[in-house]
Amino acid sequence: MYELFSQLSVWMIPAIIVFIPLYAAVRRKQPVYETFVEGAKDGFGTAISIIPHLVGMMVAISMFRASGAMELMLSAVRPVFDWMGIPSEVLPLGLLRPLTGAGSLAYTADLIQTYGPDSMIGRIASTIQGSTDTTFYVLTVYFGAVAVRRTRYALKVGLFSDIVGFFAAIFICLYIFG
Amino acid sequence: MVNWIWLFFIVISVVVAAATGKMDTVTQAAFDGAKSGVTVSFGLISIMVFWLGMMRIAEDAGLLAKLAKALRPIVRWLFPDVPKDHPALGYIMSNLSANLFGLGNAATPMGIKAMQELQKLNPDKETATPAMCTLLALNTSSITIVPTTLIAIRMNYGSANPAEIIGTTLAATFVATAAAILADRWYRSRAQSPPAKPPVQQGGRHPNTGSGVTGGGELV
């Protein structure tokens with residue numbers, strides 16, 4: 001199982017970056033390099049536009065950890081998480097993920113910085129952050145765009161999937177990297 | 001919501017620091033956090049530039065449109081109450097394929113167009129239809145093939161294998177999406193709401209013949 005997952009991870013990116021330009025050049029006769037450069041220009045702006053969000057959130061999370069407030073909060077849930085074999089450090093990520101995309105990204109970066117990207121916590125955090133989207137944000141933007149006020153069961157479905165995704169990410173990582 | 005979370009972190013930090021006498025550490029942490037925020041964002045530049053370049057090739061070659069078309073049977077099954085040739089389906093397919101490639105910036109406008117089309121089928125403009133809820137379920141769980149942002153951050157902090165989380169992320173996102181679809185189906189069957197009757201479209205268009213994200217523009 002580990003072998004399958006690691007092969008998938010190893011081959012996904014090379015497969016994509018060979019297939020896409022090859023297909024475009026051979027089948028569509030596209031000037032692939034020029035197209036690449038044209039599209040790549042957008043990347044800089046996209047990354048830079050994240051700075052204010054990430055600075056704001058990383059300041060708050062960094063303070064929260066340094067003050068000892070994080071530890072205080074985690075010590076309350078640690079026995080339960082220890083019993084389940086889950087590192088309790090990832091709990092705040094599960095709480096932040098549906099609420100704020102920048103906040104959960106900042107917390108993920110903070111965990112990776114503190115515990116290292118190749119630690120179990122770093123791997124679990126990466127997987128949680130990558131596997132779902134910010135439910136409240138999506139709901140606000142999509143329903144806001146059409147002025148729907150009664151959203152019926154959409155929030156419940158979104159949060160249910162977040163909870164399932166959170167535990168799935170943890171147990172899959174514990175199983176694969178454990 | 002985000003305002004309160006942010007305020008909560010900062011206020012609680014200062015209160016706890018005051019109680020434990022760690023005020024100078026917390027002040028230092030605030031500056032360190034700001035610095036990390038910039039470092040992490042800068043670390044994203046390389047991957048974002050590279051990935052968006054690749055995705056432009058995919059888009060111009062019509063690969064996103066191809067993927068969108070391939071999703072048609074799944075979308076038809078997920079949205080049984082949207083008429084077969086309704087433009088909403090085209091936008092939904094573009095939205096999902098952009099999500100698959102991690103193109104959040106392209107996925108959101110397509111999703112909003114889909115919502116606007118679904119709203120035309122809605123008999124009660126202030127209440128969500130089952131189709132809207134299904135679209136939301138898919139977008140909140142968001143299947144992504146390559147989590148580029150996370151790979152960039154892991155790379156920045158010196159991971160021996162930044163891409164090793166692709167497999168686990170795919171598996172977790174698959175489980176989350178399956179859960180969303182199951183829950184959505186369950187609520188749908190429980191709600192038993194009659195399918196909305198769409199107005200007959202003059203000169204019905206076939207949005208699925210557009211070309212994905214760029215082609216999405218043609219549909220407007």
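A helix in this account is a DSSP run of H or I at least four residues long, numbered from the N terminus. With that in hand, let us walk through this predicted model, starting at one loop of chain A and working outwards.

The starting point is A:Pro98, which sits in the loop joining helix H5 (91-96) to helix H6 (101-115) of chain A. Is this proline buried or exposed? A:Pro98 is buried, because 25 other C-beta atoms lie within 10 Å, and the cut-off for a buried residue is 20 or more. Leaving aside residues up to four places away in sequence, A:Pro98 touches A:Thr134, A:Thr135, A:Phe136, A:Leu159 and A:Asp162. For a sense of distance, take A:Ile17, which is 81 residues from A:Pro98 along the chain: the two C-alpha atoms are separated by 31 Å.

Now step back to chain A as a whole. Chain A has nine helices and zero strands, so to speak an unbroken run of α elements from the N terminus on: α-α-α-α-α-α-α-α-α. Along the principal axes, its C-alpha atoms fill a box of roughly 60 × 50 × 35 Å. The radius of gyration of chain A is 20 Å, whereas a compact globule of 178 residues would have one near 16 Å. Of those 178 residues, 48% count as buried. Among the contacts in chain A with a separation of 6 or more, 63% are between residues 24 or more positions apart.

The domain assignment divides chain A into domain 1 (17-49) and domain 2 (53-177). The C-alpha centres of these two domains of chain A lie 32 Å apart.

A good helix to pause at is H7 of chain A, residues 120-131. How does its span compare with what is expected at 1.5 Å a residue? The twelve residues should span 16 Å, and the end C-alpha atoms are 16 Å apart, which agrees. H7(A) is also mostly covered, with ten of its twelve residues buried. The buried residues are A:Gly122, A:Arg123, A:Ile124, A:Ala125, A:Ser126, A:Thr127, A:Ile128, A:Gln129, A:Gly130 and A:Ser131. What covers them comes from both chains: the cover includes H5, H6 and helix H9 (154-177) of chain A, together with H8 and H9 of chain B. As a reminder, an α-helix has 3.6 residues a turn, so residues three or four places apart point the same way.

Further along chain A, the loop between helix H8 (135-145) and H9 holds A:Ala147. A:Arg152 lies in the loop between H8 and H9 of chain A as well. Backbone angles make these two worth a look. Most residues other than glycine have a negative phi. A:Ala147, however, is not a glycine and has a positive phi of about 55°, and A:Arg152, likewise not a glycine, has a positive phi of about 50°. How exposed are they? A:Ala147 counts as exposed, because 9 other C-beta atoms lie within 10 Å. A:Arg152 is partly exposed, with 18 other C-beta atoms within 10 Å.

Turning to the partner, chain B has ten helices and zero strands, and its elements run α-α-α-α-α-α-α-α-α-α from the N terminus on. Buried residues make up 53% of the 220 residues in chain B. Of the contacts in chain B with a separation of 6 or more, residues 24 or more positions apart account for 71%.

The UniProt record, an unreviewed entry, annotates residues 33-54, 91-112, 133-153 and 165-183 of chain B as "transmembrane region". Two of these spans can be set beside the model. Residues 33-54 of chain B are 100% helix and 0% strand, with end C-alpha atoms 32 Å apart. Residues 91-112 of chain B are 86% helix and 0% strand, and here the end C-alpha atoms lie 9 Å apart.

Finally, consider where the chains meet. The contact takes 89 residues from chain A and 87 residues from chain B. Which helices of chain B each supply at least two residues of the side that touches chain A? They are helix H1 (2-20), helix H2 (23-60), helix H6 (104-120), helix H7 (130-141), helix H8 (148-156) and helix H9 (165-191). H2(B) gives the largest share of that side, 26 residues. By type, the residues of the side of chain B that touches chain A divide into 52 nonpolar, 27 polar and eight charged.

Terms used:
Residues are numbered from 1 along each chain as its sequence is written. Chains are lettered from A and ligands numbered from 1 in the order in which they are written. This is a predicted model: local features need pLDDT of at least 70, side-chain atom pairs count only at pLDDT 80 or more; totals for chains, interfaces and linings use all residues. Two residues are in contact if their C-beta atoms, placed from the backbone, lie within 7 Å. Ala, Val, Leu, Ile, Met, Phe, Trp, Tyr, Cys and Pro count as nonpolar, Asp, Glu, Lys and Arg as charged, and the others, Gly among them, as polar. UniProt positions are given in the numbering used here, feature names are shortened, and annotations may be inferred rather than shown by experiment. The radius of gyration is taken over C-alpha atoms; the globule rule is 2.2 Å times the number of residues to the power 0.38. Domain bounds come from an automatic or database domain assignment. The expected span of a helix is 1.5 Å times one less than its number of residues.
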